[in-house]
Amino acid sequence: MYSLRILDTRQFNSVIEMPDVITSVEEAYKLYSSGQAGLFPIILHEFETGKNDTDIKSGHLTGAGIYGLKLLGYNRDNPQRGLPALAGLITLMDIETQQPLGIVDASAVTYMRTGAAGAVGAKTLARKNSKNVVLVGAGVQGRAQLEGLSYALPNLEEIHIVDVMQEAADKMVSEKQPAYPRIKLFGHGFSELQAVMKHADVIVTCTTAREFFIQKDWVRPGTHINAIGVDMPGKQESEPSLVASSKVFADSIAQVVIKGECQWASGDKTLLQENITEIGDVLNGTKEGRTDDDEITLFDSTGMALQDLITAKLALDKAKAQNIDTIVRMAD
Ligand SMILES: NC(=O)c1ccc[n+]([C@@H]2O[C@H](COP(=O)([O-])OP(=O)(O)OC[C@H]3O[C@@H](n4cnc5c(N)ncnc54)[C@H](O)[C@@H]3O)[C@@H](O)[C@H]2O)c1
């Protein structure tokens, strides 16, 4: 017989904390780049073009004994119905016993694992004394990135939040400032982007943009860029010549050249695949990360199912230990 453990958002959030997710995501990157984890082909299907679709991302972490999938659905009209536009589930299996381990709400996991990805990028590649961050995109991911960076950069003093809608940036500042008394948050409209970038040690892009807004000439030497928002073909946030001239790191080289910020510079051959380093190789100590305080580093994080699976496993284990999950007996 087997029993299935199910975690809803509230249960997930009650057992999971960002520092543990950062460690788990690091582990996923290390396993992937050392060949102990892999991705299965992604399935995308549009029920109505641009309006109603699904994607299924899956993979295995043989090194952690698990495999599984993230099933996500999107309907643009859902907010009018009082429903979230994006919703889905993560289903986790045990490789050895081939028994289902559990099901976890996908939105909560995506939030934490993407915030953790940004934290790993900044922790591994930014200058250690980084104090000033420019974060573009005051949406769901803007909040997740803020949380991740607050753990990754011990000397962080200021975060300048920029959005095409200044009111979104200002709202995020008033909502989040009380939770981060150590860091001063500022909200800006887009006209102030160039000015705030003059002082940036770290830039995070997490918008839905399809045209770049981070210009090469605006980025000062020594800056680290976390490219988070570009996770499918056609999206763009940084000028391709900036990407081509930076020291580029990826979660997965195979993914970033197709659907990451690298898709543009790679497409016009100004960035060659052999000049991209996987962050897992840096974490494993087999390749170099930043070697100079003046170089511009860029972490292209497109997101991998492996981050979801390892985070779901962490949450299921913690919930089991604390007896706070829902258990469904599936078969006798
Ligand atoms: N890399 C990953 O693993 C990963 C994971 C989750 C989401 N994402 C991507 O991150 C992006 C943001 O996701 P989200 O959930 O925060 O979306 P969201 O809709 O909650 O927020 C997006 C924010 O960006 C702002 N924005 C849109 N276009 C802009 C532009 N041109 N310039 C400046 N600001 C702009 C919007 O006003 C909004 O505040 C999406 O593209 C999403 O697909 C990536």
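Which residue stands opposite Pro 100 in β7? The first close-up of this predicted model gives the reply.

**Figure 1. Strand β7 and its two partners.** Met 93 is the residue that stands opposite Pro 100 in β7. Strand β6, made of residues 86–94, pairs with β7 in the antiparallel sense, and five bridges link the two. Follow the chain from one strand to the other and you will trace a hairpin with five residues in between. In that turn, look for Gln 98, whose phi is positive at about 55°. Strand β1 (residues 2–7) is joined to β7 as well, but here the two run parallel, with three bridges. On this side you can find Arg 5 opposite Gly 102 in β7. With neighbours like these in view, how many of the six residues of β7 are buried? Five are, so strand β7 (residues 100–105) counts as mostly covered.

**Figure 2. Helix α2, a largely enclosed helix.** This helix has 16 residues, and the distance from its first C-alpha to its last is 23 Å. That is close to the 22 Å expected at 1.5 Å a residue. Because 12 of those 16 residues are buried, α2 is largely enclosed by the rest of the structure. Among the buried ones are Val 21, Ile 22, Leu 31 and Tyr 32, and the list also includes Glu 26, Glu 27 and Lys 30. What do the buried residues of α2 pack against? Their partners are β4 (52–61), α3, α4, β16 (276–278), α10 (279–283) and α11. After the helix comes Gly 35, with a positive phi near 80°.

**Figure 3. Where domain 1 touches domain 2.** The domain assignment of the protein gives domain 1 two stretches, 2–109 and 306–331, while domain 2 covers 117–303. Their C-alpha centres are 25 Å apart. At the meeting place, 11 residues of domain 1 are in contact with 15 residues of domain 2. Helix α2 (residues 18–33) appears here again: with nine residues, it gives the most to the side of domain 1 that touches domain 2. By type, this side of domain 1 has six nonpolar, three polar and two charged residues.

**Figure 4. The shell around the ligand.** Here 25 residues surround the ligand, and those that come nearest are Gly 139, Gln 141, Thr 207, Ala 209 and Gly 303. The elements giving two or more residues to this shell are α3 (106–125) and α4 (140–152). Which of the elements gives the most? That is α4, with three residues. Sorted by type, the shell holds 12 polar, 10 nonpolar and three charged residues.

**Figure 5. Helix α11 from end to end.** At 1.5 Å a residue, the 18 residues of this helix (305–322) should span 26 Å, and the C-alpha atoms at its ends are indeed 26 Å apart, so the two values agree. Is α11 largely enclosed or open, and why? It is largely enclosed by the rest of the structure, because 13 of its 18 residues are buried. Just past the helix, Asn 323 takes a positive phi of about 55°.

**Figure 6. Pro 181 in a loop.** This residue is found in the loop that runs between α5 (166–176) and β10 (184–188). Is Pro 181 buried or exposed? Pro 181 has 7 other C-beta atoms within 10 Å, so it is exposed, the cut-off for that being 12 or fewer. Asp 163 is 18 residues from Pro 181 in sequence, and their C-alpha atoms are 22 Å apart in space.

Key
Residues numbered from 1 in each chain as written. Predicted model: local features only at pLDDT ≥ 70, side-chain atom pairs only at ≥ 80, totals over all residues. Near = placed C-beta within 6 Å. Helix = DSSP H or I, 4+ residues; strand = E, 2+ residues; numbered from the N terminus. Nonpolar A, V, L, I, M, F, W, Y, C, P; charged D, E, K, R; others polar. Expected span 1.5 Å × (residues − 1). Buried ≥ 20, exposed ≤ 12 C-beta atoms within 10 Å, placed from the backbone. Domains from an automatic or database assignment. Contact = placed C-beta atoms within 7 Å. Pairing = 2+ DSSP bridges.
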